[in-house]
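Visitor: I am new to this structure and would love a close look at one part of it. Could you walk me through its pockets?

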Amino acid sequence: MRTPHALFAATAALVAAAVVPPSHAAAAVPAVGTYYVQSATTGLNAADNGGAVEQHNPKGNEDHQQWNLRGSGPSYVLESADTQGSCLGRSGDQARTVSCTSADAAWDIAPEGDDQYTLKAPGTERHLTVGARASGSNYPAQLTVGPSGGLATWYLTPVDSPTGPMPSPDRRTLDQVTFLTAHNAYANGVDGGFAPPFVNLVPNQTRGISRQLDDGVRGFMLDIHQTPDGAILCHNSCTLVSRPVALWVDVQRIVDFLGTHPDQFVTVFLEDYVDPGVLRSELARVNGLSDVLYRPDRTGVRQNGWPRMADLIAANDRLLILTDHSRASDEAAGLTRDSFGVMYQKDWTVENYWSMGPGIGSSDWSCYSRWYDANTVVPLTRTEPGFRPLFVMNHFRDVAIASTAQTDNTKLADRARRFCGPAARKKPNYLAVDHYDLGNPASAVNTLNTYTYP
């Protein structure tokens, strides 16, 4: 039986629902605030470009991409955070900025799927939408007004997302944790050569793999190329490289470290240019690899989400190896890498475009998917029922100039919070940097490990 208090609460809720217009119901749209209008298809943001509303690479507050949502009669308007009185609206079949008092600035906003919305011109069936793309091309920048459907679904992503407290160590899951990651970890000039002359003079790191592990690096990006000796760690090619290191040698270093640190978890990312049989033979040389290799494909992660770190540690599932190689090409060759425990990265992660610009000079802090082009669309916002991919956040440039990396690394936490977190609608799980020992990127990792991004 309901208590009097419960009956009172239920009655109050019914009264409240009766007096709130349906389009302004609390469950229908987010609260008044500042948002990115983000395509659920591409992950790109609606931006004001001189009056045209286009989809641009997410770029924080630098590109007229922030919109103030508020009610306007029975509908809503989205006013530019940069230009008072200018709202996201429409002119004919084109998305344009218009006066906020214009009828063309009003939108009916309704939920559509998991945390997604449609924006419809009142009294019509015309929606804000991404234009259809021609064969072999990207989706057009100019946003349009057209029919409903997948291209007309949007996230309203808060500019300042609320955060939650980090669960206790025994409760936090893998996708709630952030790891310091060394870009081109093998290119350090300590363990061996990694590139032809001259290129070899500009290492991405200056400490060997064992020292990186001791310093708290837990993600390792390694480029592997095929030679008569097997899978070798080299940048671009192994031609003319003096004293290159074999992949199995560095993986053995990692496995040995895990053997003496039973509470640690490590991820290896392979930029992979070898045949699957060669990679399998190379990994078979690593003593103890099978004891610690983590196989998310065998534990229901895609259906149930990522496990707790404590459970991974207890099961000794503590080394995740990912490859950027194509599954389709392996299937054509008759041997897939996941058959021997190397996971295909696109199945398990999202990743932003790798370059912030040249080694010196201005930088580009925009954060968009590395896998968005005419042939592939994997937005940073990708999710599946019960599963959120891990987010690899790249934060480095074309050339690893130490002084530039030091400055960039001091800005890592800020870019993660204001640019890449909203762009992916999740917290980065791997912060990949050059010269991890400069600019204290470990402090950014520590900061991210104090909260969750709901």
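**A look at the pockets**

Guide: Happy to! In this predicted model, the largest pocket has a volume of about 540 Å³. If you would like to find this pocket on your screen, start with H183, N184, D223, H235 and E271, which lie nearest its centre among the 28 residues of its lining. Two elements each give two or more residues to that lining: strand β15, covering 219-227, and strand β18, covering 266-273. By residue class, the lining of the largest pocket divides into 12 nonpolar, 8 polar and 8 charged residues.

Now let us move on to the second largest pocket, whose volume is about 400 Å³. Here 19 residues form the lining, and R172, V177, F179, Q264 and N449 are the closest to the centre. The elements that supply two or more residues to this lining are β14 (179-182), α7 (309-315) and α12 (441-448). Of these, α12 provides the largest share, with 3 residues. When the lining of the second largest pocket is sorted by class, there are 10 nonpolar, 5 polar and 4 charged residues.

To place both on the structure, you could pick out H183 and D223, two of the residues nearest the centre of the largest pocket, and then R172 and N449, which are among the closest to the centre of the second largest one. Colouring β15 and β18 will then show you elements that line the largest pocket, while β14, α7 and α12 do that for the second largest.

Notes:
Residues numbered from 1 in each chain as written. Predicted model: local features only at pLDDT ≥ 70, side-chain atom pairs only at ≥ 80, totals over all residues. Heavy atoms only, no water. 1 Å grid on protein atoms, 1.4 Å probe; cavity = no way out; pocket = protein on both sides within 12 Å on 5 of 7 lines; lining within 4 Å. Points joined across faces, edges and corners; volume = space filled by probe spheres on them. Helix = DSSP H or I, 4+ residues; strand = E, 2+ residues; numbered from the N terminus. Nonpolar A, V, L, I, M, F, W, Y, C, P; charged D, E, K, R; others polar.
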